[in-house]
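Student: Please take me through one part of this structure in detail, beginning with a single residue and working outwards to whatever surrounds it.

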Amino acid sequence: MDAAARPFREVRLSARTVADRVMRAVRDEARLGRLLPLGGSATELWVAETTAAKALRRAADRVAGVRAASCRLIPDVDNTTVTITMTLAMTLDRPLPGRATEVRRAVGRAAEDELGVAVSGIDLAIVSDLEPSTPTTPAEPGSRNQSRR
C-alpha cells in the first residue's frame with residue numbers, strides 16, 4: 001500500500017484516480033487462500049477458502065442477533081474434512097450457548113449443503129456484543145409527521 005500511495009504524495013490527483021489506484025492495489029493483493037477439496041478426495045473439485053468463508057459468514061449472519069467477523073477453514077490431517085473457526089458478535093438478549101448452537105447448525109448446514117465441504121468441527125469465539133435491533137412500527141396509512149410543518 002505504501003508503494004501505491006507514494007505517487008499521491010508527489011502529485012495532486014483526482015479523487016476518482018486515487019480510488020482507482022487504491023482499488024487496483026487491493027485487487028493485486030487479493031489472495032484466494034488455500035484450496036479446499038469438495039466432495040472428498042475422489043473428485044477433482046476445489047473451492048477457495050475465501051469463497052467458502054464468505055458463504056459461511058453469510059450463514060452465521062442469518063441467525064438472529066449474530067454477525068460474523070471472521071471465518072477460517074482448516075483442513076484436517078486426512079484433507080477430506082475441515083474445522084471451521086469463526087469469530088462473532090452477538091446480542092446479549094438471549095443465552096449465548098443456545099444462540100451458538102443455532103450458529104453451529106446454520107454454518108454446518110451451509111458447509112455441507114451449499115458448499116459440499118465435510119465438517120469435523122466448528123469452533124466459535126464471541127468477541128463482541130451487538131445492540132439488539134428494535135423493531136420499527138410503520139406509520140398508519142394517511143398519517144403525516146406533524147413536526148414537518
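Tutor: Leu115 is buried, because its relative accessible area is 16%, and buried here means under 20% relative accessible area, whereas exposed means over 50% and partly exposed lies in between (1.4 Å probe, protein chains only). The model is predicted, so that local features need pLDDT of at least 70 and side-chain atom pairs count only at pLDDT 80 or more, while totals for chains, interfaces and linings use all residues. Residues are numbered from 1 along each chain as its sequence is written, and side-chain values use heavy atoms, with hydrogens and water left out.

Leaving aside neighbours within four places in sequence, Leu115 is in contact (heavy atoms within 4.5 Å) with Leu38, Ala52, Ala55, Leu56 and Ala110. Of these partners, Ala55 is 60 residues away from Leu115 in sequence, yet the two are 8.2 Å apart in space, C-alpha to C-alpha.

Leu115 belongs to helix α4; helices (H or I, at least four residues) and strands (E, at least two) are taken as DSSP runs, numbered from the N terminus. This helix covers residues 96-115, 20 residues in total, and reaches 27 Å from its first C-alpha to its last, close to the 28 Å expected at 1.5 Å a residue, where the expected span is 1.5 Å times one less than the number of residues. Just after α4, Gly116 takes a positive phi of about 75°. The buried residues of the helix are Arg99, Ala100, Val103, Ala106, Val107, Gly108, Ala110, Ala111 and Leu115, and they pack against β1 (35-38), α3 (49-61), β3 (66-75), β4 (81-91) and β5 (118-130).

Three of those strands form an open sheet in the order β3-β4-β5, with mixed pairing; two strands pair if DSSP finds at least two bridges between them. The edge strands, each paired on one side only, are β3 and β5. Neighbouring strands of this sheet are turned by 15° against each other on average, direction ignored, with axes fitted as lines to C-alpha atoms, for helices over the stretch in contact, and angles running from 0 to 180 degrees between N-to-C directions. Between β3 and β4 the pairing is antiparallel over nine bridges, and in β4 the bridge partner of Arg72 is Thr85. On this sheet packs α3, touching β3 and β4, with a direction that makes about 145° with that of β3. Helix α4 also packs on the sheet, where it touches β3, β4 and β5 and its direction makes about 140° with that of β4.

The largest nonpolar core has 28 residues, and those with the most contacts inside it are Leu56, Leu73 and Ile84; such a core is a set of buried Ala, Val, Leu, Ile, Met, Phe, Trp, Tyr and Cys residues joined through side-chain atoms within 4.5 Å. Two or more residues come from each of β1, α3, β3, β4 and α4, and α4 gives the most, with seven residues. Not counting residues up to four places away in sequence, Leu73 touches Arg34, Leu36, Glu49, Ala52, Ala53, Leu56, Val82, Thr83 and Ile84. Ala52 and Leu56 are thus found among the contacts of Leu73 and also among those of Leu115.

For the wider setting, the protein has four helices and five strands, which run α-α-β-β-α-β-β-α-β from the N terminus on, and 26% of its 149 residues count as buried.
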